Amino acid sequence: MEEVVVCPNCGETNPADLPFCQHCQWRLKTLDGAWSKLEAETPLHPEPAGKGYPGDAPLPDWLEALHTQEAQDGSIREKTTESVDDDLLKGLTEKARPDDELPDWVSRIMGISEGDESRDEPRVGDSAQVPQSDTQARPDEGRASVLPSPLGLDSVEPDFRELREDLSPAEGVPGIEPVPSEDSSVFDWLKQLDASTAEAEEQPERSAAPPSPEIPDWVGQMQGISTEDEAAGELEATPDWVMNPRADGAIKATDDTSVSGAPAWMDEDLSQRAAGAAGDLQYTDASTPPTPTNGGKTIVPAFLPEEIRGLDVDALFASMQAPGWLADLQTPEPEAGGESAGGIKEQASISPVALPNWVQAMRPSEPAPLGPGVGEPGANVEEGGPLLGLQGVLPAVPGAGVPTSRPRSKALKLAASELDQKQASLLENLIAGETRPLPLRGTPPAGIGRAFRWAASLLMLAAVGVASFSGSHVLAMPTSMPNETAAAIEAARSLEPSAVVLVVFDYEPSTVGEMEATAAPLLDHMMILRHPRLAVVSTSPTGPALAERMLDGVLKDRGYVRGQTYVNLGYIPGGLIGVQAFAQDPVATMPFGVAAEPVWKSAPLAGTVQLAEFGAIVVITDSLESGRTWIEQTATSRGNVPLILAASAQAGPMLLPYFDSGQVAGLVAGINGAAHVEIANNGLPGLVRQYWDAYSAGLYVATLLIALGTLWHLWRGYRNRPGTS
Amino acid sequence: MPLEIISGGIAFLITLMILSYLIGDNSAFRFSVHILVGVAAGYVAAVAWWQVIFPRLILPLIAGPADARAATAVPLFLSGLLLMKAWPRFSRLGAPPLGVLVGISSAVAVGGALEGTLLPQLISGIDLAAPARIASMEGILNGALVLAGFVASLLYFQFTGKGRGAELGKRPVAIEFVAGIGAIFLAVTLGILFAGVYSAALTALIERLRFLGSFVGLR
């Protein structure tokens, strides 16, 4: 039963002897195992019969096709599979036999004769082996499973297959003659290139030893393998034209044969191009391929072997259009007198063949002159990097490609006028001034402020206290009565006897001392003259209590009793809304008294249900808002009922306009106004008289302190003004 | 011990605590202030209950007639909603009654100001130029002074200045002069107000000192 191997990638079964899976091309065997078997059975590059190949056995078709395809792939594809090469090289290294010679066919390919020292030279072309083509033939199955080539070479297959069928190893290519064995080279065009390069090297600028290219180790290993094992059947991944174009054994094109069996149409095309374009292909011996120079120095590319460093780059690129095994079948120019080393013999019998599109597309375009010109002295030649030695490379922009973390800053200049600049400088100075620390001025010693305050306080207390406690009546009462106070007295005197007077107590307990002194003379004068019935009300919660205090304290001598001569309606809630409501309907707004008794049917308020039925309205207030509220809200409801204000000294000046406008019948403002009323009342109740001396003393002290302070500040301002010492 | 002595003694101590502010802020002053605030708040709460809530809202619902009960249903409901303002979660329920209060207060205030202050004062100002007023020199001077003070005080608050040139931001010379006169009027007005405040405070001091003196028997 045939052994089968399961592919680890796709899971398909394959014969055990296959190195690659026939479905997915996955490697089924190790490189050693695959190559060892192949080494033992079949060489990779079959030698023609009689060429010294071990066994002198004719190559099978599949191996020949393998060699052909391999060489073709090596000229087309890039060699990137170093890892594969490592495996290949590893296998080759292990299997290399020191005693093995380099096969002739290998030597011809590489242009190295037996014992040639150049064999030891590292060959750049011996790069990674081209991975096996998808279309390479299998030993057992032929071309059973064919996968599409990654480079789109499927279209080539039919042509090549057709060509291969028509060709035999002995026939070669029409117009291409086989290279003699003693040249040990197949590529005549490479010989020609070598010859032209040799001439170019005679020039001084080529005298500089080109730097040895950096040959990877695996290439060296390949070289060792190739020198040691000529029958190893090593794969040549690198195109031959790259590996050793200066090989002694140049490939010559013949009409009859082609060593690699390339079709004639490809060789013919190469020969035509070589003969036609004088500037493209410089295969003639007389040609002098330009040497890349830069400033007088010879720049040698790093990745080319020594043999081709002096070659024309254009020629190298031009040679890329066809595989190496084809190029050796072409003669770039007809040479008189036979072949020359490195030249290609042009055969007249080679008929031109139309190249396929893909081949034509691979033609390098004519190099455009760059700067001083390609090939001219001083041309822009790369001195380093992967483009070492190449000419016509676009010069790099200074700074291009240099990564920068931030863009370049550019100065911004605004079109600012002179005024803008002045304002900007002004703003800048202001800002700078804000941050500039100011020098601290000398502060006065601590304690002077507090001592001055204590002194002033003690002076005030002393003056007022002495005047109060002494009971002195030294200072005279005022004599000039204000108009508003006179009007208030007149209004009080004009009441009807026993009229109902609404008295509003809208002041706070903190001002009870002043308000009692202010309102008591007016009420006392009214009580004495007209004996009115009083209805007490307040918009402050503490008002009813203050009313009781006044009537039971300062005015107790008048003998007013609640429920008989006066009623206390209590607290009107709602502020100005309550006043408005009371003004419109007092009974509905305040149906009960402060003690929840029905007051509107009591004796003091008998027959009074509307605001207009009151005899007068006396508002005792210490604030502008309260007085104004009663003035405004009762304007339409009270009719002709006089409204008399007894206000604090701080509210009196602001309520005076209402008197001037006629809205208020009279105004008693503070102690000063109450003094006049008390004088008109024959000094009753006498509270103002008791306060007057102390009040006057306090005023004198305040006036003195204000005067002294004003003089002090004037003197300091005069002393500290600018310009004085 | 008579209640008057106790209350008098308490008042005496609290008065001294308040006057201790002369030497600086101290705990006695703060204590007396706290007492004042607490007593005032308690008294107000008691007055509000006994003179407003109980007789106007509770009593009609308990012992009032049907019409009185019906009349108090709406304010009772609105009062309940207004109480929801105390809880943030239900504060939105207090928005309607608060809106009613604010709306009515604004209407009353605006109407009263317009009818009770603006128009009468305007008429009074115009009346200063009445023939009867200007018949005497006093009337003329009074009217002129009022007019000058009125115009100058208003121009003092006019801050429109020049927009270009070297005098950028400065007022015209004429306006600057009149504004200066207005500043004098304003200064006199503020001085009068300060005098009134001082007079009221002085009177309060006199009354308190008299109390202290009478309590200790000095008077």
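**Close-up views of a predicted two-chain model**

**Figure 1. Surroundings of V537(A) in strand 6 of chain A.** Beyond its neighbours within four places in sequence, V537(A) is in contact with L502(A), V503(A), V504(A), F505(A), L569(A), G570(A), I572(A) and W630(A). The model shown here and in the other views is predicted. V537(A) and one of these partners, V503(A), stand 34 residues apart in sequence, while their C-alpha atoms are 6.5 Å apart in space. V537(A) has a relative accessibility of 1% and therefore counts as buried, the limit for that class being under 20%.

**Figure 2. Buried residues of helix 18 of chain A and the elements they pack against.** Helix 18 covers residues 576-584 of chain A, and G578(A), V579(A), Q580(A), F582(A) and A583(A) are buried in this helix. Within chain A, the buried residues of helix 18 pack against strand 5, strand 7 (566-571), helix 19 (586-589) and helix 20 (624-633). The packing also takes in an element of the other chain, helix 4 of chain B. That helix spans residues 95-127 and supplies at least two residues of the side of chain B that touches chain A.

**Figure 3. The interface between chain B and chain A.** Contacts join 40 residues of chain B to 49 residues of chain A. The two chains bury about 3800 Å² between them, with 67% of this area on carbon and sulfur atoms. On the chain B side, L22(B), Q51(B) and R210(B) lose the most area to chain A, and together they make up 15% of what that side buries. Twelve residue pairs, with both residues at pLDDT 80 or more, are in polar contact between the chains, and the count of salt bridges between them is zero.

**Figure 4. Helices of chain B on the side that touches chain A.** Helix 2 (27-63), helix 4 (95-127) and helix 6 (173-216) of chain B each supply at least two residues of this side. Helix 6 of chain B gives the most, with 16 residues. By residue class, the side of chain B that touches chain A divides into 23 nonpolar, eleven polar and six charged residues.

**Figure 5. Two loop residues of chain A with positive phi, S498(A) and H531(A).** S498(A) is placed in the loop between helix 15 (483-493) and strand 5 (500-506) of chain A. Phi of S498(A) is near 60°, a positive value in a residue other than glycine. S498(A) has 39% relative accessibility and so counts as partly exposed. H531(A) lies in the loop that runs between helix 16 (512-530) and strand 6 (533-538) of chain A, and its phi, near 45°, is also positive in a residue other than glycine. Because its relative accessibility is 52%, H531(A) counts as exposed.

**Figure 6. The cis peptide bond between L684(A) and P685(A).** Omega of the bond from L684(A) to P685(A) is near 0°. P685(A) belongs to the loop between helix 22 (670-680) and helix 23 (687-719) of chain A.

**Figure 7. Chain A as the setting for the views of its residues.** The secondary structure of chain A consists of 23 helices and ten strands. Of its 725 residues, 49% count as buried. Among contacts in chain A with a separation of 6 or more, 75% are between residues 24 or more positions apart. The accessible surface of chain A is about 33800 Å², and carbon and sulfur atoms hold 56% of this surface.

Note on methods. Residues are numbered from 1 along each chain as its sequence is written. Chains are lettered from A and ligands numbered from 1 in the order in which they are written. This is a predicted model: local features need pLDDT of at least 70, side-chain atom pairs count only at pLDDT 80 or more; totals for chains, interfaces and linings use all residues. Side-chain values use heavy atoms; hydrogens and water are left out. Contact means heavy atoms within 4.5 Å. Buried area is the accessible area (1.4 Å probe) that two parts lose on being put together, summed over both. A salt bridge is a side-chain nitrogen of Lys or Arg within 4 Å of a carboxyl oxygen of Asp or Glu. A polar contact is a pair of N or O atoms within 3.5 Å; within protein, one must be able to donate a hydrogen and the other to accept it, and residues adjacent in sequence count only if both atoms are side-chain atoms. Helices (H or I, at least four residues) and strands (E, at least two) are DSSP runs, numbered from the N terminus. Ala, Val, Leu, Ile, Met, Phe, Trp, Tyr, Cys and Pro count as nonpolar, Asp, Glu, Lys and Arg as charged, and the others, Gly among them, as polar. Buried means under 20% relative accessible area, exposed over 50%, partly exposed in between (1.4 Å probe, protein chains only). Accessible areas come from the Shrake-Rupley method with a 1.4 Å probe; for residues, only the protein chains shown count as cover.
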